[in-house]
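I opened this entry to record what I looked up, in the order I looked.

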Amino acid sequence: MESIVMGDENREMVRQMVREFAHKNIRPHVMEWDEEQRFPIETFKAMGQLGIMGVLVPEAYGGAGLGYDEYVDIIVEVAKVCGSVGLSLAAHNSLCTGHMLAFGNDSQRQRWLPKLATAEWIGAWALTEANTGSDALRMSTTAELDGDEYVVNGAKNWITHGKSGDIAVVMVRTGEKSRSAGVSALVIEKGTPGFTHGKKENKLGMRASETTELIFDNCRVPRENLLGKEGEGFKQAMKVLDGGRISIAALALGIAKGALEAALNYAKERHQFGQPIANFQGISFKLADMATEIEAAELLIRQACALKNSGGDVTKNSAMAKYYASEMAVRCATEAVQIFGGYGYTKDFPVEKYYRDAKLCTIGEGTSEIQKLVIAREVLK
């Protein structure tokens with residue numbers, strides 16, 4: 001029991017540290033970054049000093065060596081303030097860094113993880129292409145072996161940190177199209193000739209999380225940058241997404257909690273007909289539904305965390321958590337705007353941004369429809 005209490009105390013310390021950082025260093029700039037679509041790379045460097053850019057990375061590689069529960073706590077605290085920063089934090093940790101941690105050899109981990117864990121380098125992860133969203137096996141980006149180097153040609157879309165990132169894990173086709181054994185994972189560093197970024201997307205929400213194309217034009221990558229074996233890239237990516245979906249679920253949970261907190265405060269302060277609007281059943285029932293759905297989503301997420309920490313198969317549980325939490329966040333953000341009324345539709349109050357940011361959670365790292373396919377496949381086994 002003592003160790004459990006100590007663990008809870010340590011987790012609360014981590015939550016409080018991140019909460020204070022977000023309040024001081026993120027909250028004052030949220031709308032400025034959103035309006036300008038500015039990726040706050042200086043803030044990420046500061047988060048690296050706190051140890052939250054390598055949450056799951058063992059201390060031997062310069063990381064914090066924490067588990068998935070702490071990781072979820074951190075994303076939630078950041079996303080309550082700004083979904084964009086939470087999204088970038090999640091992509092850096094669970095996709096780029098997570099892929100190297102799970103499938104890199106010791107030499108590769110020693111080479112790259114310390115820089116990522118401290119945010120000396122910002123990481124990107126590239127699977128999606130313009131014509132292959134959910135149908136990732138039909139990717140067109142190729143890598144042909146030429147001596148001790150792969151020659152990479154093609155382009156990737158919707159890549160978080162595509163412009164500002166220092167390093168990317170890129171899924172490439174080394175074999176037949178539409179076959180999982182035809183995909184491999186290469187690590188490509190910024191500055192490699194032939195590796196550039198394309199246009200930056202002008203998005204509805206998550207506007208401070210940078211999203212761009214990656215372009216490869218006869219980009220020569222050392223063979224030693226291959227993660228695992230040739231032909232294992234797609235299977236690796238699916239495993240990485242299992243963990244990544246927990247982080248997107250956490251992102252959605254944080255956005256929903258931020259929306260509920262704002263709505264609760266407003267409902268207590270806003271008076272109509274001589275009393276706070278929180279006294280009206282029409283408002284209080286909305287708050288009750290939001291609070292209940294948030295609790296349910298968190299339980300699904302914590303169940304997935306427990307499985308992930310124990311090394312269990314999280315495919316079904318992470319898909320359930322991601323599917324439910326993301327759709328829940330959209331509902332909660334919508335109700336928050338409704339509670340604020342006309343003010344909720346303006347940028348002077350925070351809920352319109354929660355409303356815009358929440359929608360991405362139902363799309364990124366596998367749409368809600370893909371999550372239902374995954375869940376159905378698992379329950380029909």
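**Confidence**

I began with the scores: the chain averages a pLDDT of 96, and 98% of the residues score at least 70. The model is a predicted one. I then looked for the weak part and noted residues 1-6, where pLDDT stays under 50. For residues 1-6 the model has zero contacts beyond four places in sequence, and I left that stretch there.

**Nonpolar cores**

Next I looked up the largest nonpolar core, which has 70 residues. Which of its members touch the most other members? I wrote down I26, L251, I301 and I339. Helix α7, residues 233-269, gives the most to this core, with 15 residues. Another core lies apart from it and holds 27 residues, including L95, L113, L116 and L241.

I picked I301 for a closer look. Setting aside neighbours within four places in sequence, I found I301 in contact with V72, I246, A249, A250, L253, A321 and A325. I added a general remark in the margin: in soluble globular proteins, nonpolar side chains tend to be buried together.

**M320**

I moved on to M320, which sits in helix α9, residues 315-340. Is M320 buried or exposed? I entered M320 as partly exposed, because its relative accessible area is 25%, and the range for that label runs between 20% and 50%. Residues up to four places away in sequence not counted, M320 touches L300 and I375. I also checked M320 against A119: the two are 201 residues apart along the chain, and their C-alpha atoms are separated by 31 Å.

**Helix α10**

I turned to helix α10, residues 351-358. How many of its eight residues are buried? I counted seven, so I noted the helix as mostly covered, buried meaning under 20% relative accessible area. The buried residues of α10 are V351, E352, K353, Y354, R356, D357 and A358. I then asked which helices these residues pack against. The list I wrote is α2 (30-36), α4 (68-79), α5 (83-103), α7 and α9. Two of these entries were already in my notes: α7 as the helix that gives the most to the 70-residue core, and α9 as the place of M320.

**The β2-β3 hairpin**

Last, I looked at strands β2, residues 142-146, and β3, residues 149-160. They run antiparallel and are joined by five bridges. I looked up D146 and found that its bridge partner in β3 is E149. The two strands form a hairpin with two residues between them. In the turn, I noted that G147 has a positive phi of about 70 degrees.

Note on methods. Residues numbered from 1 in each chain as written. Predicted model: local features only at pLDDT ≥ 70, side-chain atom pairs only at ≥ 80, totals over all residues. Heavy atoms only, no water. Core = buried A, V, L, I, M, F, W, Y, C linked by side-chain atoms within 4.5 Å. Buried < 20%, exposed > 50% of the residue type's maximum accessible area, 1.4 Å probe, protein only. Helix = DSSP H or I, 4+ residues; strand = E, 2+ residues; numbered from the N terminus. Contact = heavy atoms within 4.5 Å. pLDDT = per-residue confidence, 0-100. Pairing = 2+ DSSP bridges.
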